[in-house]
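This report describes the confidence of a model, its nonpolar cores and the setting of one core residue.

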Amino acid sequence: MKGLERTVASREAERVPQQASPRGTFLKIARAVQGQVEADPTMTELPSAAELMRDYKISRGVALRAFEVLQKEGLAEPVPGGRWRVVQAGAPEDRRPLDQRIADVITDEGLEVGAAFPSASVLADRFGVSRPTVSKALDRLEAAGVLANGGQGKVRTVRAVPIREERS
């Protein structure tokens with residue numbers, strides 16, 4: 001009887017397909033994305049986590065681990081409210097908080113007190129981030145007294161011209 005049980009158990013084991021080990025999958029995905037970046041020097045954003053999940057049939061956790069590998073290697077960086085950005089070697093990047101960069105719009109465009117300020121949608125496109133991320137930065141500028149809240153459907157205006165600090 002014991003011999004029969006072993007034979008049945010070994011047949012069952014043969015029928016169960018062996019799955020590939022998930023260890024290292026995120027490294028393979030990171031190498032594939034790195035290859036895409038190297039093949040297209042104009043690439044500025046990495047594929048989204050959802051795209052990686054769909055294309056490689058992986059979990060979100062594996063996609064995020066692949067992004068972490070690319071970040072550690074200096075190839076990519078996360079963008080709050082947006083996709084991961086490709087870090088171009090030698091390209092200067094303004095890494096100041098978004099609210100400070102948005103405040104520069106006032107001086108860059110020569111806006112004066114009372115002037116209409118660009119909408120969250122326009123700023124989101126300009127800075128390559130999501131509208132909710134821009135809205136949070138605008139809220140901080142309103143709290144600081146730089147902008148006046150226009151309210152629902154109204155235009156936001158400049159309340160004070162910020163003093164521009166020298167960038168290093």
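## Confidence

In which helix of the protein is confidence lowest, and in which is it highest? The lowest mean pLDDT (the predictor's confidence in each residue, from 0 to 100) is 48, in helix α1 (residues 2-15), and the highest is 93, in helix α3 (residues 49-56). Helices (H or I, at least four residues) and strands (E, at least two) are DSSP runs, numbered from the N terminus.

The protein averages a pLDDT of 80, and 79% of the residues score at least 70. Over residues 8-21 the pLDDT is below 50, and this stretch makes 1 contact (heavy atoms within 4.5 Å) beyond near neighbours in sequence. Where pLDDT is low, the predicted coordinates should not be read in detail.

This is a predicted model, in which local features need pLDDT of at least 70 and side-chain atom pairs count only at pLDDT 80 or more, while totals for chains, interfaces and linings use all residues. Residues are numbered from 1 along each chain as its sequence is written, and side-chain values use heavy atoms, with hydrogens and water left out.

## Nonpolar cores

A nonpolar core is a set of buried Ala, Val, Leu, Ile, Met, Phe, Trp, Tyr and Cys residues joined through side-chain atoms within 4.5 Å. The largest has 20 residues, and Ile102, Phe117 and Leu147 are among those with the most contacts inside it. Helix α5 gives this core its largest share, 5 residues. A second, separate core of 19 residues includes Ala30 and Val37.

## Leucine 147

Leucine 147 lies in strand β3 (residues 147-148). Leucine 147 counts as buried (under 20% relative accessible area, 1.4 Å probe, protein chains only) because its relative accessibility is 1%. Beyond four places in sequence, its contacts include Ile106, Phe117 and Val158.

Key: Buried < 20%, exposed > 50% of the residue type's maximum accessible area, 1.4 Å probe, protein only.
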